[in-house]
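Work through the exercises below with the sequence and the 3D structure at hand. Each task is followed by a solution in steps.

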Amino acid sequence: MISCADFMAEIGNYLEGEVASEVRLQLEHHLSHCQTCTVLVDSTRKTLKIVTDTGSFDLPEDAFRPIAAQIMAKIRGGAK
Amino acid sequence: MSYFGEVDLGSSFQPFTACREQFGFVPKLFRAQTLLPRLIEAEGALSSAILFTDKALTRTQKECILLVLAAAQANDYCFSLHYQMLRLLGVTEQRLDRIVADYQRADLSPTTAALLTLVLNLGTKEAVQEASSQGLSDESILEAILTAGLSRLLCTLATGVGAVPDFAVRPIPPQQSALIRDVDSGGPFLPAPELPDNYVPFVFLSEQFGAVPKVFRAQTLRPDILQAETDALRRLLLPEDALSRTQKRDILLTGADLEALRKSGHSQEQALEAAVITSFAAFLDVLQTGLGAGSDFAGKIGAKKVHLSPPEPRHTAVTLSIDLDADTVARVQKGDLDAFEELMTRHNQRVYRTLVGILGNPDDARDAMQDTFLKVFQHLGGFEGRSKFSTWLVSIATNTGIQRLRERRPMESLDESGPDEEGFRPRQVQAWTDDPEQLYSQAEMRSLIENGVMRLPMKYRMVLMLRDIEQLSIEEAASALGLGIPATKARLLRGRLMLRESLAPHFIPSGNMGSAKGVTN
């Protein structure tokens, strides 16, 4: 039997799918009777899904255009 | 060597390390996919679970299945690979040649012969019953069918990426012609213990496909394989750095139209990903046929007997794509300044996000973009393409960001542990709502995420930004940040848990609030 602390020590690898199958079975056995760790796994996965889906930190095209223009002006100036 | 450019992933890329341990080298099939390392990780995890884990069948039996099926599919690449693997496992050439010529007259053990008969005749309950009557256990039959699925995956992939054989090609002797049968719909053919809908892999599959496809419910004798399959699908489907999630799900469910993709001007990464997703569709197709689990995936591939025809020629459409970055970099190196502008346009989001992750605010990040791109231009002449251009670019952005930070806060060590480094404990442990993305508008959600990420300590924010928002692999993120893999993983986990903590109040149904107990035991 593994404890919540044992589970927390492996949760990072578990989320990345990088645990050996024997360890995975132990972790999933723990999950089958531990509501707290199940919630942690579930909500962390939901966090990752939201982070991936949301398109956060997009630089608007019109914000990039003047930056690109400045860079190209410097490069073309240096190239002359 | 293949249709796709190859980049150096460093000596510590885990799937390549595993290949060297298992094969003594890294097969070209995998080297052909280094543009998107997560694809190799997905295939590596699945192959390891099926091939390298000794449960019911031995490695030699599984390699025999792979050899015979590669011959049946007339796939030179896989045939030469598995031939060589069996040689390394101690099987003589003479014996291998006899197996390939006619396995039923090769003095194989009755068990191995029954396995080969099974995988060459998948699709009916009788084939499974015949295997049982020859003494094969349900676990052995399932593992043989999984290995057959892996064979189809590897053969489809080898064709799709245009891998050149690693070893001298041996002529494949003429194979017995295939008996085409209709797929028997009276499955499932094997017992499959019921697992609850909240079983973790099932939860992911439901999220992706609306329900758990029958082919997964038919494999519950091997939860470790189910986990490996869902892990692989997670790596394939979630990131959107090449194809969109919708495109990928469509390929899995209905088959790829690579020709249409080609005509629409896809990038090399997109073509590669399409080829890999197609090979996974072929894998799932073999399983659903072999297990009698209906046809949720890529029905076109499974319309007839699955092993005995070579992958469809349209897979080779991927040959016509070009490596946008490599060509563009070469043009810049020859003095074409417009090409540099193209590179900036293509990668400005990546540079911006890297810099936001380090500097912690959008204005500073925009400001540092100019420095970054000027350094890239200055050093591009010396860039030899040993790593992916985008990885090299991220490491320059990282260095630029860190340099700025040091100028701003010279006394702060970027590696110093925060006061609560070891003391962090999740406190919000109430269940989240089932579908958090339905609670807020896209703009509100973006604002929640951006605020949450910005509040993370810098060292966690940097890693989370590169891995979870920029979708780099752990190895790429570690390399760009100049950190070791364990430190990168530790910081990533801490960042994810802290972000989860800060988002939790927004996604816990109000009736569940107020019973926090934290993780204690």
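The exercises go from chain B as a whole to helix pairs, the contact between chains and single residues.

This is a predicted model, in which local features need pLDDT of at least 70 and side-chain atom pairs count only at pLDDT 80 or more, while totals for chains, interfaces and linings use all residues. Residues are numbered from 1 along each chain as its sequence is written, and chains are lettered from A and ligands numbered from 1 in the order in which they are written.

**Exercise 1. Describe chain B by its helices and strands, its buried residues and its contacts.**

Step 1. Count helices and strands, which are DSSP runs (H or I, at least four residues, for helices; E, at least two, for strands) numbered from the N terminus. Chain B has 23 helices and zero strands.

Step 2. Find the buried share. A residue is buried if 20 or more other C-beta atoms lie within 10 Å of its own, exposed if 12 or fewer, and partly exposed in between, with C-beta atoms placed from the backbone. Of the 521 residues in chain B, 51% are buried.

Step 3. Look at the contacts (C-beta atoms, placed from the backbone, within 7 Å). Among contacts in chain B with a separation of 6 or more, 78% join residues 24 or more positions apart.

**Exercise 2. Find the residues that touch the most other members of the largest nonpolar core.**

Step 1. A nonpolar core is a set of buried Ala, Val, Leu, Ile, Met, Phe, Trp, Tyr and Cys residues joined through C-beta atoms within 7 Å.

Step 2. The largest such core has 172 residues, and B:I65, B:L67, B:V68, B:V119, B:V161 and B:L355 touch the most other members. Helix α15 (residues 268-291) of chain B gives the largest share of this core, 14 residues.

Step 3. Take B:V119 from that list. Apart from neighbours within four places in sequence, B:V119 is in contact with B:I65, B:L69, B:A144 and B:A148.

**Exercise 3. Describe how α17(B) packs against α18(B).**

Step 1. Two packed helices are described by the angle between their axes and the distance between the axes. Axes are lines fitted to C-alpha atoms, for helices over the stretch in contact, and angles run from 0 to 180 degrees between N-to-C directions.

Step 2. Helix α17 (residues 337-359) of chain B and helix α18 (residues 362-379) of chain B meet at about 130 degrees, with axes 8 Å apart. That angle makes α17(B) oblique to α18(B); angles under 35 degrees count as roughly parallel, over 145 as roughly antiparallel, 65 to 115 as roughly perpendicular and the rest as oblique.

Step 3. Sort the contact residues by class: Ala, Val, Leu, Ile, Met, Phe, Trp, Tyr, Cys and Pro count as nonpolar, Asp, Glu, Lys and Arg as charged, and the others, Gly among them, as polar. The contact of α17(B) with α18(B) has 13 nonpolar, one polar and one charged residues.

**Exercise 4. Where does α21(B) sit?**

Step 1. In helix α21 (residues 458-469) of chain B, 11 of the 12 residues are buried, so the helix is largely enclosed by the rest of the structure. Among the buried residues are B:K459, B:R461, B:R467 and B:D468.

Step 2. The buried residues of α21(B) pack against α3 of chain A together with α17, α19, α20, α22 (474-481) and α23 of chain B.

Step 3. After α21(B) comes B:Q471, whose phi is positive, near 65 degrees.

**Exercise 5. Describe the side of chain A that touches chain B.**

Step 1. 43 residues of chain A are in contact with 51 residues of chain B.

Step 2. On the chain A side, α1 (4-15), α2 (21-33), α3 (35-54) and α4 (61-79) each supply at least two residues. The largest share, 15 residues, comes from α3(A).

Step 3. By class, this side of chain A has 22 nonpolar, 13 polar and eight charged residues.

**Exercise 6. Are A:F57 and B:A74 buried or partly exposed?**

Step 1. A:F57 is found in the loop between α3 and α4 of chain A, and B:A74 lies in the loop between α4 (59-72) and α5 (76-88) of chain B.

Step 2. A:F57 is buried, because 23 other C-beta atoms lie within 10 Å. B:A74 is partly exposed, with 16 other C-beta atoms within 10 Å.

Step 3. Check phi. A:F57 is not a glycine, yet its phi is positive, about 60 degrees. B:A74, also not a glycine, has a positive phi of about 55 degrees.

Methods: Two residues are in contact if their C-beta atoms, placed from the backbone, lie within 7 Å.
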